[in-house]
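Biologist: I should like to go through this structure with you and ask, term by term, what each description rests on.

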Amino acid sequence: MTDPDARAMHSSSRVGVGYNIQIAVDTRHKLIVEQQVHNKVGDLGLLTQTARAARETLDVAQIAVVADRGYFKIEYIEACETAGIVPYVPKPQRGSDVAKEFFPEDQFHYDTEADIYTCPGGATLSRVRHRPVRNEIRVFDYVNATACRSCTPKSRCTTAAYRRLCVTRTRPCWTGWRNGLPRDPG
């Protein structure tokens, strides 16, 4: 390495020496409004600062930002909201359910008014408990053990007696990032 600030960056099956470039684009005018160069290998922690700088450049009180799963961490999503940034970042699909190819969480549809989920088999899952994780972040558990006993696609959902859907959020309005992008995010 000739540049002490450069880092080994991986891309698919190759590793190269370089930088992590962050760019914010004004979708209305199709112009780059912010660019940053980092030597941090991953994108975690970079969304808020890039979007905040873009918001200041555009001289607006609030902006919507779209990013890929690599930017998702609850603390950073919350930091965006606090800074007047509306983030549209899909939650990564991780864990044993994904490895076993069970139905992913995004195939369970949330009804905000009733506070229930509808599973891919058509049954409703009700909230049975919630617990704090840290600060204002909570995990909510939704289940329907009775419906799981006779569910036809259960083998694609769980090997346990029933599926427990664990949902992390800080407040009810947080489900916006789960429901996808608006038609015009900015």
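Modeller: Let us begin with a pair of strands: strand 9 and strand 10 (residues 137-143) pair in the antiparallel sense over seven bridges. This is a predicted model, in which local features need pLDDT of at least 70 and side-chain atom pairs count only at pLDDT 80 or more, while totals for chains, interfaces and linings use all residues. Residues are numbered from 1 along each chain as its sequence is written, and side-chain values use heavy atoms, with hydrogens and water left out.

Biologist: What makes strand 9 and strand 10 a pair?

Modeller: Two strands pair if DSSP finds at least two bridges between them, and seven bridges are found for strand 9 and strand 10, so the definition is met. Within this pairing, Arg 134 stands opposite Ile 137 in strand 10. The hairpin of the two strands has two residues between them, and Asn 135 takes a positive phi near 50° there.

Biologist: How do you know what counts as a strand or a helix, and how many of each does the protein have?

Modeller: Both are DSSP runs, numbered from the N terminus: helices are H or I with at least four residues, and strands are E with at least two. On that basis the protein comes to four helices and 11 strands.

Biologist: Which strands form the open sheet, and in what order?

Modeller: Five strands form it, in the order 7-8-9-10-11, with antiparallel pairing. Strand 7 and strand 11 (165-169) are called the edge strands because each pairs on one side only. The twist averages 35° from one strand to the next; axes for such angles are lines fitted to C-alpha atoms, for helices over the stretch in contact, and angles run from 0 to 180 degrees between N-to-C directions.

Biologist: What joins strand 8 to its neighbours, strand 7 and strand 9?

Modeller: Three bridges join strand 7 to strand 8, and Asp 111 has Ile 116 as its bridge partner in strand 8. Three bridges also join strand 8 to strand 9 (residues 124-134), where the bridge partner of Tyr 117 is Leu 125. The hairpin of strand 8 and strand 9 has five residues between the strands, and Gly 122 takes a positive phi near 95°.

Biologist: Asp 59 and Asp 115 both have phi near 55°. Why is one called buried and the other exposed?

Modeller: Buried means under 20% relative accessible area, exposed over 50%, and partly exposed in between (1.4 Å probe, protein chains only). Asp 59, in the loop between helix 1 (47-58) and strand 5 (63-66), has 68% and is therefore exposed. Asp 115, in the loop between strand 7 (109-111) and strand 8 (116-118), has 18% and is therefore buried. Buried residues make up 35% of the 186 residues in the protein.

Biologist: How do you know that the span of helix 1 is close to the expected one?

Modeller: The expected span is 1.5 Å times one less than the number of residues. Helix 1 has 12 residues and reaches 16 Å from its first C-alpha to its last, close to the 16 Å expected. Its buried residues, among them Leu 47, Ala 51 and Arg 55, pack against strand 3 (20-26), strand 4 (31-38), strand 5, helix 2 (74-82) and strand 6 (85-88).

Biologist: What makes the side chains of strand 5 alternate?

Modeller: Ile 63 and Val 65 point to one face and are buried, while Ala 64 and Val 66 point to the other and are not. Strand 5 also pairs with strand 6 in the parallel sense over four bridges, and Val 66 has Tyr 88 as its bridge partner in strand 6.

Biologist: Why does Cys 157 form no disulfide with Cys 148?

Modeller: A disulfide is a pair of cysteine sulfur atoms within 2.5 Å. The sulfur of Cys 157 is 6.1 Å from that of Cys 148, the closest cysteine sulfur, and so too far for a bond. A search of the whole structure finds zero disulfides. Cys 157 is buried, at 10% relative accessible area, whereas Cys 166 is partly exposed, at 31%.

Biologist: Where is confidence lowest and where highest among the elements?

Modeller: pLDDT is the predictor's confidence in each residue, from 0 to 100. Confidence is lowest in strand 1 (residues 7-11), at a mean of 70, and highest in strand 8, at 93. The protein averages 81, and 88% of the residues score at least 70. Over residues 172-179 pLDDT stays under 50. Where pLDDT is low, the predicted coordinates should not be read in detail.

Notes:
Contact means heavy atoms within 4.5 Å.
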